[in-house]
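These are my notebook entries on a single protein structure. I set down what I looked up, one topic at a time.

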Amino acid sequence: LATWRRRVGHWIARSDPRDLLSVDITFDFQPVHGDRAMADALWQDAWEAARGQVAFLKLLAENAGEPATAVTFFGRLRSDEDGRIDLKLHGLKDIVTTARVLALHRGVRRHATHVRLQGLRQSPDAPEGDLATLDEAHALILDCILRQQLADIGEGLGPTNRVVVATLDRRRTAELKTALARIALLPELRRDMLGG
């Protein structure tokens, strides 16, 4: 445990882009075997070490990059040659990253993205409306992915994050376009809540 504490502390203090993936995983991990108390202690310590480290959190946010463009110039959902859109790449990843970084900044120690967003909405001076919209977009994207995974499993295919655009009805397509358009605002939301 002491070795892992030092390692996490080193990753945070050094703030080297090469370390970001390693430390990023630390904020989301949950034990599946062994001493749960030890794993929980490490998770709590990692969160405590990151709290207040604004330069590190900004780097973590920047490392997420700009959201991938999900809607084409002509207003269609951007699909690949199989007629599918990768909703992890075009939305889910950005929401999860934003919720994690902002939860670290505000001390909302939770694992699930939805619960992190709920906690952030309760924090002082939080843009409650933006966070509620983000939470709704997260739920919609997850619903689309899970429905597609069930359909794919029923067809004997492995589950992925890629949704067949043609299977979405007009209402769901419009909702998804709106949700994905809001993803473009996430870098600005992160900058505002992290203080520039």
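The entries below go through helices, loops and aromatic rings in turn.

**Entry 1: the model.** I note at the outset that this is a predicted model.

**Entry 2: helix α1.** I began with helix α1, which covers residues 2–14. I checked its length against the expected rise of 1.5 Å a residue: its 13 residues should span 18 Å, and the end C-alpha atoms are indeed 18 Å apart, which agrees. I then asked which residues of α1 are buried. They are Val-8, Trp-11 and Ile-12. Viewed down the axis of α1, these buried residues fall within an arc of 95 degrees, so they line one face of the helix. A general rule helps in reading such a pattern: an α-helix has 3.6 residues a turn, so residues three or four places apart point the same way. On the other side of α1, I found Arg-6 and Ala-13 exposed.

I next looked up what covers the buried residues of α1. The cover includes α2 (20–26), α3 (36–50) and α4 (54–63). After α1 comes Ser-15, which has a positive phi near 50 degrees. For comparison, I recorded that most residues other than glycine have a negative phi.

**Entry 3: Pro-31.** Where is Pro-31 placed? I located Pro-31 in the loop between α2 and α3. Leaving aside residues up to four places away in sequence, Pro-31 touches Arg-36, Ala-39 and Asp-40. I also took the distance from Pro-31 to Trp-43: the two are 12 residues apart along the chain, and their C-alpha atoms are separated by 9.7 Å.

**Entry 4: helix α3.** I repeated the length check on α3. This helix has 15 residues and reaches 21 Å from its first C-alpha to its last, close to the 21 Å expected at 1.5 Å a residue. Its buried residues are Ala-39, Leu-42, Trp-43, Ala-46, Trp-47 and Ala-50. Seen down the axis of α3, they fall within an arc of 135 degrees, so they too line one face of their helix. I then asked what the buried residues of α3 pack against. I listed α1, α2, α4, α5 (88–106) and α6 (113–122).

I examined both ends of α3 as well. At the N-terminal end, Asp-35 acts as a cap, with a side-chain oxygen 3.1 Å from the backbone nitrogen of Ala-37. Just after α3, Gly-52 has a positive phi of about 85 degrees.

**Entry 5: aromatic rings.** How many aromatic pairs does the whole structure hold? My search found 5. In one pair, the rings of Trp-43 and Trp-47 have centres 5.4 Å apart and planes at 50 degrees, so the pair is tilted. These two residues are 4 residues apart in helix α3, and therefore separated by about one helical turn. I asked whether each is buried or exposed. Trp-43 is buried, with a relative accessible area of 5%, and Trp-47 is buried, with a relative accessible area of 1%.

A further pair is formed by Phe-73 and Phe-74, which meet edge-to-face, 5.3 Å centre to centre and with 80 degrees between the planes. Phe-73 is exposed, with a relative accessible area of 78%. Phe-74 counts as exposed at 72% relative accessibility. I also traced a cluster in which ring pairs link Phe-27, Trp-43, Trp-47 and Phe-56. Lastly under this topic, I noted that Arg-7 lies over the face of Trp-4, at 4.6 Å from the ring centre.

**Entry 6: helix α5.** I counted burial along α5. Of its 19 residues, 14 are buried, so α5 is largely enclosed by the rest of the structure. After α5 comes Gly-107, whose phi is positive, near 75 degrees.

**Entry 7: the loop between α6 and α7.** I finished with two residues of this loop. Ser-123 lies in the loop between α6 and α7 (128–154), and it counts as buried at 13% relative accessibility. Which side chain does the side chain of Ser-123 contact? I found a polar contact with the side chain of Arg-106, at 3.1 Å. Ser-123 and Val-108 are 15 residues apart in sequence, and 8.7 Å apart in space, C-alpha to C-alpha.

Asp-125 is found in the loop between α6 and α7 as well. Asp-125 is exposed, with a relative accessible area of 78%. Although Asp-125 is not a glycine, it has a positive phi of about 60 degrees.

Definitions and conventions: Residues numbered from 1 in each chain as written. Predicted model: local features only at pLDDT ≥ 70, side-chain atom pairs only at ≥ 80, totals over all residues. Heavy atoms only, no water. Expected span 1.5 Å × (residues − 1). Buried < 20%, exposed > 50% of the residue type's maximum accessible area, 1.4 Å probe, protein only. Arc of directions from axis to C-beta. Contact = heavy atoms within 4.5 Å. Polar contact = N/O pair within 3.5 Å; in protein donor to acceptor, adjacent residues only side chain to side chain. Phe/Tyr/Trp six-rings, centres within 6.5 Å; stacked < 30°, edge-to-face > 60°. Lys NZ or Arg CZ within 6 Å of the ring centre and 35° of its normal.
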